[in-house]
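Trainee: I'd like a close look at one part of this protein. Could you walk me through the aromatic side chains and what sits around them?

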Amino acid sequence: MNIVNYFHDSNQSFPDSRLKLYVNFVWSPFVLDSMVQVFKKLKDVNDKPQVIVAGSAIWPIIQSNGSLNGIQDYIANLTQLIQPINDISSKSTVLWVLQEPVEESKLDNSLSMVTNNLIDLYNEAAMDVLSKSSAEMWWSSRLVSQGEMNDSPDGLHSSNASLRLRAQILLNLYCNDHMNFNDGTCCSSTEPYTSLQSYMLLFFIICILIGILMAVRYQQNRLSKNEPSYVVMVSLAKLGLIMIYFYICDRTNFFMKENKYYSDASFWLPVGYVFVLGLFFTEESRYTKVLHRDQTDEWKGWMQLIILIYNLTGASLKVSIANHVQILIAAYLFLTGYGHFYYLWHRSDSGLTRYFQILFRLNMLTVVLCMCMNRPYQFYFYIPLVSFWFTVLYLLLICPPRVTASSSEIRPAQYLYIILKILALFIFITILYMSEVFFDKIFLTRPWKALFVTTDDDIHEWWYRWKLNRFSVVYGVIFSFAIILAQRYNLIDDNNHSNLISPRLAVFSSFLAFIGLIASTVYNILCQNKTECYELLSYISVIPIVGYIILRNISGVLRTRFSSLFAWFGRISLELMVCQCHIWLAADTHGVLVLLPGYPVLNGLIVSFIFICICHELHEITIKLTPYAVPSDHKDLFRNLICFILLLIPLGANDGMF
């Protein structure tokens, strides 16, 4: 940072090695050849960004030249600065300080010629001349002086409080771009775009143009819109438009951002509204099985809505609420383990096609956002978690001996293989947890290291998220296996609308489940130390989850009814989880996006409506692109996989993956 002619009457320097900051004050009070020479020297410093603050003492000119006599000379001298300022590196910022007003009643007789009207004329001349240069006018310095001039000791010089505030503004201007602040409105410049972002923009612009031309042609000629080329190009065109909206919302200053302000009412009122609304959409399900599709979608939906409200209101400040939200995230992973195990047990299509289709559906949006928004994969923490656990579970179940529903009917002894596999998974997770060094050895190995580290090449975020819910997927697998056994040996009856078990056993089970939910709630409310609470989370999170499942399924009436509203949100919960980071929240989730300033309620409705519509559209785009990205034919699948790897190699090499 260079400060020309500001605080002192001699040259000053202030280095700070910890902040990597060097402040250099150059005493050059008048716009003469000496100031021009200073700017010419500054243009040679091109390797590091600079904040150059310049200004001139106007009151001596007024005092010596009378009212308007000195303005023409002042303009002529300022004109000499235009070229030197423009020659300074593009990495640097040049601020021109407008002359502060004086308090005329405190000035002595020798300064009687100095008036605020004349100062304004000189400031207007400076703004007019320097508008032809790259210099920016520093308005806030003048505004600070206007507010502090009552404390001026002589009516001419600013007070110490004013000087400290202006120095803080300068430091913020330089430092805010280099700080990890937890603030949605912190004054910082927009993030520079990368070459990859430029290529992605060009790619999507081409897709948008082709998509528009194809849509017009197919509409005019009334051609079938189910042709692969039409489906792919129109889907990519829609995806491109959405990604441009993402970028404008969270990588530019086109829209405002505001901070989160938590209050109990701001969190609990929306939660109450959502649940009351969800009850109005209660319908009869066509399924009767335990944790059937409609029920799991409903569960994911209301959990996702609570998490959205939690993130929007900044409720993480409330430890009791944060504890309950962590239980919801554990429930998501529990359902991941339950659903994939149940599917792979009953279905025979467990080949590579199925594996890559699931991975594509989970990661398509996230990978595109990583490239378009210049964020690491770990920024969208939930997607790496579910992708990792799905891969572990898939490898565990397909590795020999492969056990399925049909094979176990012939040889019931194969149940022992499943038990041994689950036990092996427990041991593997425990070893990883007990040895962080072993954990780092595995996940910091290239080339997959880039999937588990943040922008700072740090793996602690993945370690924290992984250990927090390390057993949740396994609990889901165990519960799924238990339900399969109970169904096979008729321990429960979920083939119709009747209760699962006998009335006496149902009452006893419901009582235990209710006690478990109450105990978990009380513990999460009373536990106020996040570290201690989260340490036990991986062990006790299964209690409220299983308790909820029992209460939700033991009665035939409750099991076969669901909220279609919550189920609809549950089907797009993946997109809601990912997209909230950029087009609902803002500033990397630290703030809230503002499309309509001054009207918080209306703004919330508009932002939420656009956010939900985009998530639904992205869900549809993913479904449409999946069969083309991951075709059923193994030759086509292998071809697409090779193309993806070839595309990934230069990207990975650029990010240090290899």
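Mentor: Here is a walk through the aromatic rings, with a few backbone details after that.

Keep in mind that this is a predicted model. For some background, the chain has 27 helices and 11 strands, and 48% of its 658 residues are buried. Its C-alpha trace spans about 105 × 60 × 55 Å along the principal axes.

Now to the rings. A search of the whole structure turns up 39 aromatic pairs. Let's take F334 and F479: the ring centres are 5.8 Å apart and the planes meet at 55°, so this pair counts as tilted, since edge-to-face needs an angle over 60 degrees. Look at where the two partners come from. F334 belongs to helix 12 (residues 319-346) and F479 to helix 19 (residues 472-488), so the pair links distant parts of the chain, 145 residues apart. How covered are they? F334 has a relative accessible area of 1%, and F479 has 16%. Both count as buried, because the cut-off is under 20%.

Helix 12 and helix 19 also supply the partners of another pair, W345 and F481. Here the centres are 6.2 Å apart with 70° between the planes, and the pair is edge-to-face. W345 sits in helix 12 and F481 in helix 19, so this contact ties together parts that lie 136 residues apart in sequence. Again the rings are covered: W345 is buried at 2% relative accessible area, and F481 is buried at 8%.

For a bigger group, go to the aromatic cluster made up of F388, W389, Y433, F439, F443, F452, W462, W463 and W466. Click through those on your screen and you'll see Phe, Trp and Tyr side chains in one cluster.

Rings can have charged company too. The charged end of R354 sits over the ring of Y343, 3.8 Å from the ring centre. You'll find another case at F381, where the charged end of R465 sits over the ring, 3.8 Å from its centre.

While you have that stretch of the chain open, check the prolines. The peptide bond from P400 to P401 is cis, with omega near -5°, and P401 is in the loop between helix 14 (382-398) and helix 15 (405-410). R446 and P447 are also joined by a cis peptide bond, with omega about 10°. P447 lies in the loop between helix 17 (436-443) and helix 18 (460-468).

Two other loop residues have an unusual sign to look for. L291 has a positive phi, near 50°, and isn't a glycine; this residue is in the loop between strand 8 (282-284) and helix 11 (293-313), and is buried with a relative accessible area of 6%. N374 likewise has a positive phi, near 55°, in the loop between helix 13 (352-373) and helix 14. N374 is partly exposed, with a relative accessible area of 31%.

One last stop, and this one is a polar side chain. N603 is in helix 26 (residues 600-629) and is buried, at 4% relative accessible area. Leaving out residues up to four places away in sequence, N603 touches L593, V594, L595 and L596.

Conventions. Residues are numbered from 1 along each chain as its sequence is written. This is a predicted model: local features need pLDDT of at least 70, side-chain atom pairs count only at pLDDT 80 or more; totals for chains, interfaces and linings use all residues. Side-chain values use heavy atoms; hydrogens and water are left out. Rings of Phe, Tyr and Trp (its six-membered ring) pair if their centres lie within 6.5 Å; planes under 30 degrees apart count as stacked, over 60 as edge-to-face and the rest as tilted. Helices (H or I, at least four residues) and strands (E, at least two) are DSSP runs, numbered from the N terminus. Buried means under 20% relative accessible area, exposed over 50%, partly exposed in between (1.4 Å probe, protein chains only). A charge sits over a ring if NZ of Lys or CZ of Arg is within 6 Å of the ring centre and within 35 degrees of the ring normal. Contact means heavy atoms within 4.5 Å.
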